[in-house]
Amino acid sequence: MQLIATAIPEVLRLVPDPHRDERGFLAETFRAEWFPGVTFVQENHSLSSTVHTLRGLHFQTPPMAQAKLVRVVRGRALDVAVDVRRRSPTFGSHVALELDAVGRESLFVPAGFAHGFLTLEPDTEVLYKLTVYHSPRHEGGIRWDDPELGIRWGVDDPVISPRDAALPGLDSWTSPFEHRT
């Protein structure tokens, strides 16, 4: 497994090294030692039946802020992490990485980042491990199409929930996250 820093160094791309033989392959996709000090407590499985389904950009606020380890197990998706930590040198910047079931790459999204994905194939399934249990009281998010973010989703009219369509832009809320050096 290769752990590769992205343009935002805290966001990591995980590239597996599958061992292949005539039966198929075996690949490690997670080891606790790759994430010292990080404990995953919950795993979610998402199915999006329709191509261009957009989920996000979501986070949980402190003290229930979550880090995520995201992997596509069927189909293909554009996965996006946006730095929403106040005083961060990369505040408002994002990492966008295409994940698919064939490449089996993962993306580690730290706490203090908004996260979302756009499906690029029908019946896309996404697994993601979380460091904190889901807490509806601490849910938050920012608009997927906020021009200040400059995310190139490649689609103007995604399938999106009413809740996600009503999320605020980056400049209309105060981030509860603080960048720590």
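This note sets out, point by point, the sheets, aromatic groupings and selected side-chain contacts of a predicted model.

1. **The six-stranded sheet.** One open sheet holds 6 strands, arranged in the order 1-2-11-7-13-5 with antiparallel pairing. Its edges are strand 1 (2-5) and strand 5 (42-48); each has a single partner strand, so one side of each lacks a neighbour in the sheet. On average, neighbouring strands of this sheet are turned by 25° against each other, direction ignored.

2. **The edge pairing of strand 5.** Strand 5 is joined to strand 13 (residues 124-130) in the antiparallel sense, over 7 bridges. Within this pairing, Glu 43 has Lys 129 of strand 13 as its bridge partner. Lys 129 also takes part in a contact with an aromatic ring: its charged end sits over the ring of Phe 30, at 5.3 Å from the ring centre.

3. **The five-stranded sheet.** A further open sheet is built from 5 strands in the order 10-8-12-6-14, and its pairing is antiparallel. Strand 10 (94-100) and strand 14 occupy the edges; because each has a single partner strand, one side of each is left without a neighbour in the sheet. The average turn between neighbouring strands here is 30°, direction ignored.

4. **Strand 6 and its two partners.** In the five-stranded order, strand 6 stands between strands 12 and 14. Strand 6 comprises residues 54-60 and is mostly covered, with 5 of its 7 residues buried. Its antiparallel pairing with strand 12 (residues 113-119) runs over 3 bridges. Across this pairing, Arg 55 stands opposite Phe 117, and His 58 stands opposite His 115. The pairing of strand 6 with strand 14 (residues 139-141) is likewise antiparallel and has 3 bridges. There, Phe 59 faces Gly 140 as its opposite residue in strand 14.

5. **Which residues surround Arg 85?** The question concerns contacts beyond its neighbours within four places in sequence. Arg 85 belongs to strand 9 (residues 85-86). With a relative accessible area of 8%, Arg 85 is classed as buried because this value falls under the 20% limit. Its side chain makes a polar contact of 3.3 Å with the side chain of Glu 10. Leaving aside neighbours within four places in sequence, Arg 85 is in contact with Glu 10, Thr 90, Phe 91, Ala 111, Gly 112, Phe 113, Ser 175, Phe 177, Glu 178 and His 179.

6. **The phenylalanine cluster.** The whole structure contains 7 aromatic pairs. One of them joins Phe 35 and Phe 40 edge-to-face, at 5.9 Å centre to centre and with 85° between the planes. Both Phe 35 and Phe 40 are buried. Ring pairs connect these two residues with Phe 30 and Phe 108 in a cluster. Phe 30 in this cluster is the residue whose ring lies beneath the charged end of Lys 129.

7. **The tryptophan pair.** Trp 144 and Trp 153 form an edge-to-face aromatic pair, with 6.4 Å between centres and 65° between planes. Trp 144 has a relative accessible area of 9% and is buried. Trp 153 is also buried, at 6%.

8. **A second charge over a ring.** Arg 104 lies over the face of Phe 25, at 3.8 Å from the ring centre.

9. **Is Asp 145 buried, exposed or partly exposed?** Its relative accessibility is the value to consider. Asp 145 is found in the loop between strand 14 and helix 1 (162-165). Its relative accessibility is 33%, and Asp 145 therefore counts as partly exposed, since this value lies between the limits of 20% and 50%. The side chains of Asp 145 and Arg 143 are joined by a polar contact of 2.9 Å. Asp 145 and Leu 57 are 88 residues apart along the chain, and their C-alpha atoms are separated by 9.4 Å. Leu 57 falls within the residue range 54-60 of strand 6.

Technical notes. Residues are numbered from 1 along each chain as its sequence is written. This is a predicted model: local features need pLDDT of at least 70, side-chain atom pairs count only at pLDDT 80 or more; totals for chains, interfaces and linings use all residues. Side-chain values use heavy atoms; hydrogens and water are left out. Buried means under 20% relative accessible area, exposed over 50%, partly exposed in between (1.4 Å probe, protein chains only). Helices (H or I, at least four residues) and strands (E, at least two) are DSSP runs, numbered from the N terminus. Two strands pair if DSSP finds at least two bridges between them. A polar contact is a pair of N or O atoms within 3.5 Å; within protein, one must be able to donate a hydrogen and the other to accept it, and residues adjacent in sequence count only if both atoms are side-chain atoms. Contact means heavy atoms within 4.5 Å. Axes are lines fitted to C-alpha atoms, for helices over the stretch in contact, and angles run from 0 to 180 degrees between N-to-C directions. Rings of Phe, Tyr and Trp (its six-membered ring) pair if their centres lie within 6.5 Å; planes under 30 degrees apart count as stacked, over 60 as edge-to-face and the rest as tilted. A charge sits over a ring if NZ of Lys or CZ of Arg is within 6 Å of the ring centre and within 35 degrees of the ring normal.
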